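Welcome! Here are some exercises to work through with the structure open beside you, each with a solution in steps.

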Amino acid sequence: MRNLVICGAGTGGTVMASHLRKRLPREDWAVTVIDRDDEHYYQPGFLFIPFGFLKRKDIVKPKSTLLPRDVAFLIAEIDRIVPASNEVVLRDGRKIPYDYLIVATGAEIVPSETPGMEDGWRDTIFDFYTADGAEALAGKLKAFPGGTIVVHVNETPIKCPVAPLEFAFFCDACLRRHGKRDKVEIVYVTPLPGAFTKPVAAAALGALLEKKRIRMVADFNAERIDASARKIIGYDGREVPYDLLVTVPTNMGAEMIERSGMGDEFRFLPTDPRTLRSKKYENIFALGDATDVPASKAGSVVHFQSEILTENILRAIDGRPLEPAFDGHANCFIEMGRSKAILIDFNYDTEPLPGRFPFPLFGPLPLLKPSRLNHWGKLAFRWIYWRLLLRGKRIPFIPSRMKMTGKKLPAAVPGA
Amino acid sequence: MPLRTYGNTMVDVDAEGYLTDFSQWTRAVAEAIAAEEGLAALGPAHWKVIEFMQKEYKENSQVPSIRRLNKSGVASTKELYELFPGGPAKKAARIAGLKKPEGCV
């Protein structure tokens, strides 16, 4: 019997277990999944909790019920991976041997990376990247009397890079609906030079921030937070005061990666961006937020990676060369509030462009433009996530590699 | 592809002024770009950062992040901001003749 072990039962671990349990013969291969708890959150749902659109119970299911049958699921804390002896050592001392290992331990917020951030934690400083944080923020927003709300990205890369923008748009929409927009200033603080990394989307999203009277403070790297004076202090000396700080703290990989001596400076696993194999170990693969590949840390990316990674693991097992097929494809809905959303579709080489998706002309979804259909697309996605994505089923018309059809190229590259 | 002349060296640059061919980089080019970025002069501390970035890029084909420079003990973030005021990673990468750092998507 040979062993395939998956660390992490989030989106990546669950979808890989679904794919590989179907493809690896049961008489030859045992599949084991290890995670520290049994709660699987639909993470795109976190954004909706602070505004009361969703509750925690709407976005959580037991991990054990989402994994396929004939998969051993261990709920245990991983102490470390020992590649030299091909085993995963658990906190309780158990050793789980593997022939092939998939690292899918994700990324998490680490507020302690910013001096002062923990001082005001869940008092005037909140996150919405955890269920607890999103729930606490819901209570805070309900009672917010007015003042300055600062939406802050501490450091890149972060999971779902558009989520803080969506948060700011939702704030604006909710305040307007309640007739309180004039009592609140919304400020968007980012270490990036603009609203997004890539120029066409940055211009489109930047214009929307302006239209919604959300002030952007760009190129801002926080040195520390003075929670008692309620201000963020930048390395360049700039200060941003707040009454309520909604922050996306530094995102890092699992501590277990660091304990194993396998991570980069963010505890992400150095991974080949095209084959998804560890850069260092032949029988270790990774996907999703846990890797250092320069793609978005987003569920759609995990989904696209999973189809390619499945083929590559089967190739590795058969001793065939890997297929360098992952192109960095990501596809994200950006909620704007007022039942509209923007859709972006991009990869390593092609930035988000305007056009139609998934079919040219017909769409039906417009790219890089607010639309009601995109909003309904985002809402429908929760169903697709539980029913299709996690179970390793194909999502109709959305291939794992990005297509150029339907996209409009910019007329000219500025300055070229 | 735009061209720029620094002293008597002609280099290929992208739309934002980053060198597209590292083989055209010289210390004199670096000093000229530094002047353009508003730095008075490049001292030993600047060179330590620049050389580290070039070495990292050669090894990993990725422009190191501020956090990476920090963790490797090259310079603290505070020092980086003093050496390259405004945007240390972007300015230092440009002076070092590397690509603009991909502030990941």
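**Exercise 1. Find the handedness of the crossing of α1(A) and α7(A), then describe the contact between these helices.**

Solution. Keep in mind that this is a predicted model.

Step 1. Look at the two helices together: α1(A) and α7(A) cross in the right-handed sense.

Step 2. Identify who touches whom. From α1(A) come Thr11(A), Gly12(A), Val15(A), Met16(A), His19(A), Leu20(A) and Arg23(A). From α7(A) come Gly299(A), Val302(A), His303(A), Ser306(A), Leu309(A), Thr310(A), Ile313(A) and Leu314(A).

Step 3. Sort these residues by class: the contact of α1(A) with α7(A) has 7 nonpolar, 7 polar and 1 charged residues.

Step 4. Add the geometry. Helix α1 covers residues 11–23 and helix α7 residues 299–318 of chain A; their axes come within 9 Å and cross at roughly 35°.

**Exercise 2. Work out whether the radius of gyration of chain A agrees with that of a compact globule.**

Solution.

Step 1. Start from the chain length: for 416 residues, a compact globule would have a radius of gyration near 22 Å.

Step 2. Compare this with chain A, whose value is 21 Å, so the two agree.

Step 3. Check the extent. The C-alpha trace of chain A spans about 65 × 50 × 45 Å along its principal axes.

Step 4. Look at burial and contacts. Of the 416 residues in chain A, 46% are buried. Among contacts with a separation of 6 or more, 66% are between residues 24 or more positions apart.

Step 5. Finish with the secondary structure: chain A has 8 helices and 24 strands.

**Exercise 3. Trace the sheet that has the order β6-β7-β8 in chain A, and say which strands stand at its edges.**

Solution.

Step 1. Read the sheet as a whole: this is an open sheet of 3 strands with antiparallel pairing.

Step 2. Find the edges. In chain A, β6 and β8 each have a single partner strand, so one side of each has no neighbour in the sheet. On average, neighbouring strands of this sheet are turned by 20° against each other, direction ignored.

Step 3. Follow the pairing of β6 (residues 78–82) with β7 (residues 87–90) in chain A: they run antiparallel and are joined by 4 bridges. Here Ile78(A) stands opposite Leu90(A) of β7(A).

Step 4. Move on to β8 (residues 95–97) of chain A, which is antiparallel to β7(A) and joined to it by 3 bridges. Glu87(A) has Pro97(A) of β8(A) as its bridge partner, while Val89(A) is matched with Lys95(A).

Step 5. Inspect the turns. The hairpin of β6(A) and β7(A) has 4 residues between its strands, and Asn86(A) takes a positive phi near 55° there. The hairpin of β7(A) and β8(A) also has 4 residues between its strands. In that turn, Gly93(A) has a positive phi of about 95°.

**Exercise 4. Describe the sheet that has the order β11-β18-β12-β13-β14 in chain A.**

Solution.

Step 1. Read the pairing: this open sheet of 5 strands pairs in the parallel sense.

Step 2. Locate the edges. They are β11 (125–126) and β14 (214–217) of chain A; each has a single partner strand, so one side of each is left without a neighbour in the sheet.

Step 3. Focus on one pair: β12(A) and β13 (residues 184–189) of chain A are parallel over 6 bridges. In this pair, Val151(A) stands opposite Tyr188(A) of β13(A).

**Exercise 5. Explain why Asn86(A) and Arg338(A) count as partly exposed, and place each in the chain.**

Solution.

Step 1. Recall the cut-offs: a residue is buried with 20 or more other C-beta atoms within 10 Å, exposed with 12 or fewer, and partly exposed in between.

Step 2. Apply them. Asn86(A) has 18 C-beta neighbours inside 10 Å, so it counts as partly exposed. Arg338(A) has 16 other C-beta atoms within 10 Å, and is therefore partly exposed.

Step 3. Place them. Asn86(A) is in the loop between β6 and β7 of chain A. Arg338(A) is in the loop between β21 (330–337) and β22 (340–346) of chain A.

Step 4. Check the backbone of Arg338(A): its phi is near 50°, a positive value in a residue other than glycine.

Methods: Residues numbered from 1 in each chain as written. Chains lettered and ligands numbered in written order. Predicted model: local features only at pLDDT ≥ 70, side-chain atom pairs only at ≥ 80, totals over all residues. Rg over C-alpha atoms; globule rule 2.2 N^0.38 Å. Contact = placed C-beta atoms within 7 Å. Pairing = 2+ DSSP bridges. Axes fitted to C-alpha atoms, helices over the stretch in contact; angles between N-to-C directions. Left-handed = near helix turned anticlockwise from the far one by under 90°. Nonpolar A, V, L, I, M, F, W, Y, C, P; charged D, E, K, R; others polar.
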